[in-house]
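Q: I am new to this structure and would be grateful for a close look at a single part of it. Please then set that part in the context of the rest of the chain.

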Amino acid sequence: MIAETVCSAVAAAGLGIAAVTAYRKRFLAATRIAAYSLVPLGLVMTGVVDWLADTAFSPTAWAGFGVLGLAWVLFSTTRAVERRRGGTRKERRAAARGARQEAVAPTASAPSLGPAARTPATRPAGRTGASGGAGAGADDFSDIEAILKKHGI
């Protein structure tokens, strides 16, 4: 009974504030205030306030809210862990399968990357090995040039 009276008073006060706001030619704000002030009145008229009052004094209802809260915490925790790991189990398995396959260019007939991409026999003639000096730096750039040429850059 008290809750209905308070909600009705809040609605009446809100409508009064909306009228004053409309008088000041702020119609959009007045409409918004009127909408907010009619919510408690609508809750009283639909019986939600009575239901809430009955629920507020029910230990079973509070236990139910506790169980719902626990379920929400568990869902949130599992979602956070899933995001840190990188997706669902199905997504992780697909990523692991993709990582196991060798990298192959879309139009290539053989793997473009691998452990033995360049052997000593396929190096250009006239270049020194990786023994140091200027030849080692030139050899590094020849690898880069070969990769760029292969991709048409």
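Is Thr21 buried or exposed, and what is its relative accessible area?

A: The model discussed here is a predicted one. In this model Thr21 is buried, because its relative accessible area is 11% and a residue counts as buried when that value is under 20%. Thr21 belongs to helix H1, which covers residues 2-23. When residues up to four places away in sequence are set aside, Thr21 touches Arg26, Ala29, Ala30 and Ile33.

The same helix offers a second point of reference. Gly16 also has its place in helix H1, but Gly16 counts as partly exposed, with a relative accessibility of 35%. Its C-alpha atom is 9.4 Å from that of Ser37, a residue 21 positions away in sequence.

After H1, the chain passes through a loop that leads to helix H2 (27-46), and Lys25 lies in this loop. The backbone at Lys25 deserves attention: phi is positive, at about 65°, although Lys25 is not a glycine. Lys25 is exposed, since its relative accessible area is 65% and the exposed class begins over 50%.

Another buried position is found in helix H3. Val49 lies in that helix, and with a relative accessibility of 11% it counts as buried. Beyond its neighbours within four places in sequence, Val49 is in contact with Ala3, Cys7, Leu43 and Val44. One of these partners, Ala3, is 46 residues from Val49 along the chain, yet the two C-alpha atoms are separated by 7.1 Å.

The setting of these residues can now be described. The chain contains six helices and zero strands, and its pattern, read along the sequence, is α-α-α-α-α-α. Of its 153 residues, 13% count as buried; Thr21 and Val49 are among the buried residues. Among contacts with a separation of 6 or more, 27% join residues 24 or more positions apart. The accessible surface of the chain amounts to about 12400 Å², and carbon and sulfur atoms hold 66% of that surface.

Two patches on the surface complete the picture. One is nonpolar and is formed by Trp51, Leu52, Trp62, Phe65 and Leu68, which together have about 600 Å² of accessible area. Helix H3 (48-56) and H4 each supply at least two of its residues, and H4 gives the largest share, three residues. Leu68 is found in helix H4 and is exposed, with a relative accessible area of 57%. Helix H3 thus holds the buried Val49 and also contributes to the nonpolar patch on the surface.

The other patch carries positive charge, and in it Arg85, Arg89, Arg92, Arg93, Arg97 and Arg100 gather on the surface. Helix H5, residues 89-100, provides the largest share, five residues. Arg85, in contrast, has its place in helix H4, which spans residues 59-85. Arg85 counts as exposed because its relative accessibility is 57%, and the limit for that class is over 50%. Helix H4 therefore holds both Leu68 of the nonpolar patch and Arg85 of the positive patch.

How values were computed. Residues are numbered from 1 along each chain as its sequence is written. This is a predicted model: local features need pLDDT of at least 70, side-chain atom pairs count only at pLDDT 80 or more; totals for chains, interfaces and linings use all residues. Side-chain values use heavy atoms; hydrogens and water are left out. Patches are made of residues with over 30% relative accessible area and no salt bridge: like charges are joined within 9 Å, nonpolar side chains (Val, Leu, Ile, Met, Phe, Trp, Tyr) within 5 Å. Accessible areas come from the Shrake-Rupley method with a 1.4 Å probe; for residues, only the protein chains shown count as cover. A salt bridge is a side-chain nitrogen of Lys or Arg within 4 Å of a carboxyl oxygen of Asp or Glu. Lys and Arg count as positive and Asp and Glu as negative; His and the chain ends are not counted. The place of a charge is taken as NZ of Lys, CZ of Arg, CG of Asp or CD of Glu. Helices (H or I, at least four residues) and strands (E, at least two) are DSSP runs, numbered from the N terminus. Buried means under 20% relative accessible area, exposed over 50%, partly exposed in between (1.4 Å probe, protein chains only). Contact means heavy atoms within 4.5 Å.
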